[in-house]
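User: Hello! I am new to this structure and would like to know how its labels are earned. Could you take me through them?

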Number of protein chains: 2
Amino acid sequence: MGSKKVDRRIKYTKMVLRESFINLLEKKDISQISIKEICEDADINRSTFYAHYNDQYDLIEKIQNQLFENIEMHLSAFTQNDLPIVPVDMVEQIFECIQENARLCKLLLSERGDLNFQKRVLMLVYEKIISDLTRGGTISKEDAEYIYAFTLTGCIGAIQKWLNDDMNKSPRFMAETIIRLTTLVL
Amino acid sequence: MGSKKVDRRIKYTKMVLRESFINLLEKKDISQISIKEICEDADINRSTFYAHYNDQYDLIEKIQNQLFENIEMHLSAFTQNDLPIVPVDMVEQIFECIQENARLCKLLLSERGDLNFQKRVLMLVYEKIISDLTRGGTISKEDAEYIYAFTLTGCIGAIQKWLNDDMNKSPRFMAETIIRLTTLVL
DNA sequence: GCTGTTTAACAACACCGTGTTTAATAAAAA
DNA sequence: TTTTTATTAAACACGGTGTTGTTAAACAGC
């Protein structure tokens, strides 16, 4: 099952490269991090880096892939027992996965984060939560702060969609929609 | 009023640099765009670029500043007549401003977009809409698509906040909060 | 409009990171 | 042990970077 045929040297190289890269990402933007810098920090030859990755962006993508594979594994193990899937539990699972990879997730989602990662998280959330929640129901209590976070980025999502649709709705319609959704939540 | 003391050469230089840069941004990611490339496209000496900007990221920030100043001007002109501010109208104004700068906004908010810009739009939306909407009320009709866009990015906002708060709430609480907000809107 | 002064744009320069290739070495796998 | 293969060091051409002093154009005063 587990492909244990991976050379130990490769394991080590990838490990230290990822570690050094993540350390650097906590200090500065990815665009300011040179491959030379990563290799020096990891004490790995630059040629070896190129044997595994094309550049920093390829490396960060591989790291993201690994993270998502990890999360998918957790979730599939959760849904494998044929019990009825309780949405709340499923979401809880996702948050637990995020918590387990807190350092990396925080890095990829924060200010200097990665828009590509945001999109992938968005897709994950969509697949695992939203699509299974086609039922209505009143949600009860909350911390006001989280509703704000929810509402704020929700507005941005609507604006993005509006632009992607080449603004085939009027500003008026959009304004009303945004106001509606906002007040609905608050 | 207008500071017309700006050298015509500077005006031209900045204009063509911004134009070339935006053209390139429509083709590839900012990280793949070299300063040399921008200058060749604009037919401007590289040294001249450095006289005005530090790098590509400085340039995009200046472009964003200009955009936001533009939007702020529109909005202040809108609120200057001491009529009561109708939130819907205000939001409509914002969307009209976005529409006027559609090309640039779409660029900065799309896949290859800028997280920094997202944050600034978020702040603008917060200041102009959310903070003025501390009243409740049922919002009526809608296009389902926009609610989805709103909900999806809203979840991401909650996750980001959760990570920024060092996850001082339990995964369970977060799961319940997300579910609550989601079903509330749907 | 013509002047001298200011300053923006320019060309040339040294520097550094990149990506690739070579042969040599060391370590893992069979 | 033998075979296979990953890592390494060194060298390479290439291209983008950021700064230098020089040239040319816009500005202010008359």
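User: What makes A:Thr48 and DNA strand D a polar contact?

Analyst: Happy to help! A polar contact is a pair of N or O atoms within 3.5 Å; within protein, one must be able to donate a hydrogen and the other to accept it, and residues adjacent in sequence count only if both atoms are side-chain atoms. In this predicted model, a polar side-chain atom of A:Thr48 lies 2.8 Å from a phosphate oxygen of DNA strand D. That distance is within 3.5 Å, so the pair is a polar contact.

User: Before we go on, what are the ground rules for numbering and for a predicted model?

Analyst: Residues are numbered from 1 along each chain as its sequence is written, while chains are lettered from A and ligands numbered from 1 in the order in which they are written. As this is a predicted model, local features need pLDDT of at least 70 and side-chain atom pairs count only at pLDDT 80 or more, with totals for chains, interfaces and linings using all residues; side-chain values use heavy atoms, leaving out hydrogens and water.

User: Which base atoms of DNA strand D are reached by A:Ser47 and B:Arg46?

Analyst: For A:Ser47, a polar side-chain atom lies 3.4 Å from a base nitrogen of DNA strand D. For B:Arg46, an N or O atom of the side chain is 2.3 Å from a base nitrogen of that strand.

User: What makes a residue count as near DNA strand D, and which come nearest?

Analyst: One of its heavy atoms must lie within 4 Å of the strand. There are 19 residues around DNA strand D, and A:Thr13, A:Thr48, B:Arg8, B:Lys36 and B:Arg46 come nearest. Of the strand's atoms within 4 Å of the protein, 64% belong to sugar or phosphate, and the rest belong to bases.

User: How do the residues near DNA strand D divide by class?

Analyst: They are four nonpolar, seven polar and eight charged. Here Ala, Val, Leu, Ile, Met, Phe, Trp, Tyr, Cys and Pro count as nonpolar, Asp, Glu, Lys and Arg as charged, and the others, Gly among them, as polar.

User: What surrounds DNA strand C?

Analyst: DNA strand C has 18 residues around it, the closest being A:Arg8, A:Tyr50, B:Arg9, B:Thr13 and B:Ser47. Phosphate oxygens of this strand lie 2.8 Å from a polar side-chain atom of A:Lys36 and 3.0 Å from a polar backbone atom of B:Asn45.

User: Why is A:Ile44 called buried?

Analyst: Buried means under 20% relative accessible area, exposed over 50%, and partly exposed in between (1.4 Å probe, protein chains only). A:Ile44 has 13% relative accessibility, so it counts as buried. Contact means heavy atoms within 4.5 Å, and, not counting residues up to four places away in sequence, A:Ile44 touches A:Tyr12, A:Thr13, A:Val16, A:Leu17 and A:Cys39.

User: How do you know whether A:Asn101 is buried or exposed?

Analyst: Its relative accessible area is 17%, so A:Asn101 falls on the buried side. The side chain of A:Asn101 also reaches the backbone oxygen of A:Cys97 at 2.8 Å. Beyond residues up to four places away in sequence, A:Asn101 touches A:Leu67 and A:Asn70.

User: What is the secondary structure of chain A?

Analyst: Chain A has nine helices and zero strands. Helices (H or I, at least four residues) and strands (E, at least two) are DSSP runs, numbered from the N terminus. Of the 186 residues in chain A, 46% are buried.
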